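This report describes one protein structure in plain terms for a reader who has not seen it before. It goes from the overall form to the cores, the ring pairs and some backbone details.

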Amino acid sequence: MSSERVRVAILDDYQNVAFKFADWSSIQDRIQVDSFPDTTADENVLVKRLEPYPIICAMRERTKFTASLLDRLPNLRLIATTGLRNRGIDVAHAKTKGVIVAGTTGKGNSTLEHIWALILATVRYVVVEDARTKAGAVPWQGTIPMGLAGKTLGLVGVGNLGTATGIVAKVFGMKVIGWSPNLTPERAESAGVTFISSKEELLRRSDVLSIQMVLSERTHHMITAADLALLNPTAFFINTSRGALVDESALVEVLKEKKIAGAGLDVFEEEPLPLDHPLRKLSNVTLSPHMGYVSDSNYEAFWGETVENIAAFLDGRPTRVLE
C-alpha cells in the first residue's frame with residue numbers, strides 16, 4: 001500500500017465503542033477513520049456515504065452489502081466484518097469485485113446469557129414489576145410469574161446454541177423438546193432433547209418457545225400466523241435469532257389480542273426498530289435492542305481482531321478471509 005493514509009469507514013457502531021475496546025495505535029498513522037453510527041437501508045445514501053472508502057468496518061448484519069451496492073463502490077477493497085459469518089454481505093459477489101471480506105472470532109457466551117436473561121425477564125415480568133416499583137404502583141405486587149420447574153421448553157433449532165439453551169433449562173427443572181426441518185431423533189438424543197416430529201406438535205406442547213435458527217430464504221417467516229395460533233394462551237414466545245424468522249405482523253396481532261401470555265424479543269424485521277412500531281406500545285412484550293451478541297468480552301474480540309485484519313490487509317497479507 002502507498003504511504004498515504006487509507007480511508008476507513010466504521011459503520012453502525014451505535015455506542016461508539018470501536019476505540020474503547022481495541023488498541024488502534026499500531027495502524028493509526030496509516031489510516032484516516034470516519035464513523036457512521038446511524039444505520040440506513042437506502043442504497044443511494046450508502047453509495048454517497050461510502051464511495052470514497054477502500055476499507056469499511058461492518059458490525060454484524062446491520063448494513064447489508066448486496067451485489068447492487070458492491071457494484072456501486074468502486075474504491076472498496078476490504079470489508080472488515082465482526083463475526084465469522086455475515087449473511088448481510090454477498091461474499092461471493094464481493095470476491096468477483098476483488099473485495100476481500102475478513103471476519104473475527106468472538107469471546108464468551110453472550111447470546112446464551114441473553115436468551116436466558118430474556119426468558120427469565122419475560123416469564124417473571126421483571127420489566128413490568130421494575131416499572132411498577134419505580135412508579136410507586138399499588139398494590140405492591142401486580143403480576144404472577146410462571147414457575148419454570150415442570151414446564152416445557154420448546155426449541156426451534158437444536159444446534160450448538162439450542163443444545164446449550166436446553167442444558168440451562170434442565171437446571172430449572174424444565175422438560176426440553178425440540179424440532180427443526182433437519183433435526184433427527186439421533187441428533188436430538190445426543191443434544192439431550194426430546195425429538196418432536198412436527199413443528200405443529202412442538203408449538204402445542206411448549207410453555208416457552210425459543211427460536212435458535214439461521215435466517216435464510218428457506219426459513220424466512222418459518223413461524224406463521226397459523227403456527228402462532230397453535231400456542232397455548234399461557235405460552236411465551238422468545239426470539240433472539242432473527243426477526244424475519246417469524247411473521248412479525250402476525251405476532252403483533254397475537255400479542256395485541258392477548259392470545260398468548262407474552263413474548264421476549266431481541267430481534268426485529270427492521271432494525272433499529274422504528275419509533276412508531278406497534279411492538280413498542282404493547283404491555284405483554286419484553287424488548288431488547290438486538291443485544292444478544294453484545295458484551296464487553298465479545299467486543300474486545302470483535303474490535304481487537306478488526307484492527308488485526310486491517311493491519312494484515314495493509315501489509316498485503318489478509319487474514320481471517322471469509323469465503
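Of the 323 residues of this protein, 50% count as buried. The model is a predicted one. The accessible surface comes to about 15400 Å², and carbon and sulfur atoms hold 53% of that area. The C-alpha trace spans about 65 × 50 × 35 Å along the principal axes of the protein.

The chain forms eleven helices and twelve strands. Its radius of gyration is 22 Å, close to the 20 Å that the globule rule gives for 323 residues, so the protein is as compact as a globular protein of that length. Among contacts between residues at least 6 apart in sequence, 63% join residues that are at least 24 apart.

**Nonpolar cores**

The largest nonpolar core has 30 residues. Val156, Leu228, Leu231, Phe237, Leu255, Leu265 and Leu279 are the members with the most contacts inside this core. Two or more residues each come from strand S7 (175-179), helix H8 (199-205), strand S9 (208-211), helix H10 (248-256) and strand S11 (262-265). Of these elements, H10 gives the most, with five residues.

What does Leu228 touch, leaving aside its neighbours within four places in sequence? Leu228 is in contact with Ile223, Phe237, Val246, Asp247, Ala250, Leu251 and Val254.

Another core, of 26 residues, lies apart from the largest one, and its members include Ile10, Ile55, Ala80 and Val307. Ala80 is also one of the residues touched by Ala58, along with Phe65, Ile79, Thr81 and Thr82, when residues up to four places away in sequence are not counted. Ala58 itself is found in strand S3. With 4% relative accessibility, under the 20% limit, Ala58 counts as buried. From Ala58 to Val101 the C-alpha distance is 10.0 Å, while the two residues are 43 apart in sequence.

**Aromatic rings**

A search of the whole structure finds seven aromatic pairs. A pair of aromatic rings is described by the distance of the centres and the angle of the planes. For Phe36 and Tyr53, the centres are 6.0 Å apart and the planes stand at 80°, so this pair is edge-to-face. The pair links distant parts of the chain: Phe36 is in strand S2 (residues 31-36), and Tyr53 is in the loop between helix H1 (43-50) and strand S3 (55-58), 17 residues apart. Phe36 counts as buried at 18% relative accessibility. Tyr53 is buried as well, with a relative accessible area of 3%.

The rings of Tyr299 and Phe302 make a tilted pair, because their centres are 6.3 Å apart and their planes lie at 40°. Both residues are in helix H11 (residues 296-314), three residues apart, which means that about one helical turn separates them. Tyr299 and Phe302 are both buried. Ring pairs also link these two with Phe21 and Tyr293 into a cluster.

Two of the tyrosines named above have an arginine over the ring. The charged end of Arg7 sits over the ring of Tyr53, 4.6 Å from the ring centre. Likewise, the charged end of Arg60 sits over the ring of Tyr293, at 5.2 Å from the centre of that ring.

**Backbone details**

Most residues other than glycine have a negative phi, and most peptide bonds are trans. The table lists places in this model that depart from that pattern.

| Place | Feature | Value |
|---|---|---|
| Val138 and Pro139 | cis peptide bond | omega about 5° |
| Glu271 and Pro272 | cis peptide bond | omega about -5° |
| Asp12 | positive phi, not a glycine | phi about 60° |
| Lys258 | positive phi, not a glycine | phi about 55° |

Where do these residues lie? Pro139 is in the loop between helix H5 (126-134) and strand S6 (152-156). Pro272 has its place in the loop between S11 and strand S12 (285-287). The loop between strand S1 (6-11) and S2 holds Asp12, and Lys258 lies in the loop between H10 and S11.

Are Asp12 and Lys258 buried or exposed? Asp12 is buried, with a relative accessible area of 1%. Lys258, in contrast, counts as exposed at 55% relative accessibility.

How values were computed: Residues are numbered from 1 along each chain as its sequence is written. This is a predicted model: local features need pLDDT of at least 70, side-chain atom pairs count only at pLDDT 80 or more; totals for chains, interfaces and linings use all residues. Side-chain values use heavy atoms; hydrogens and water are left out. Rings of Phe, Tyr and Trp (its six-membered ring) pair if their centres lie within 6.5 Å; planes under 30 degrees apart count as stacked, over 60 as edge-to-face and the rest as tilted. Helices (H or I, at least four residues) and strands (E, at least two) are DSSP runs, numbered from the N terminus. Buried means under 20% relative accessible area, exposed over 50%, partly exposed in between (1.4 Å probe, protein chains only). A charge sits over a ring if NZ of Lys or CZ of Arg is within 6 Å of the ring centre and within 35 degrees of the ring normal. A nonpolar core is a set of buried Ala, Val, Leu, Ile, Met, Phe, Trp, Tyr and Cys residues joined through side-chain atoms within 4.5 Å. Contact means heavy atoms within 4.5 Å. The radius of gyration is taken over C-alpha atoms; the globule rule is 2.2 Å times the number of residues to the power 0.38. Accessible areas come from the Shrake-Rupley method with a 1.4 Å probe; for residues, only the protein chains shown count as cover.
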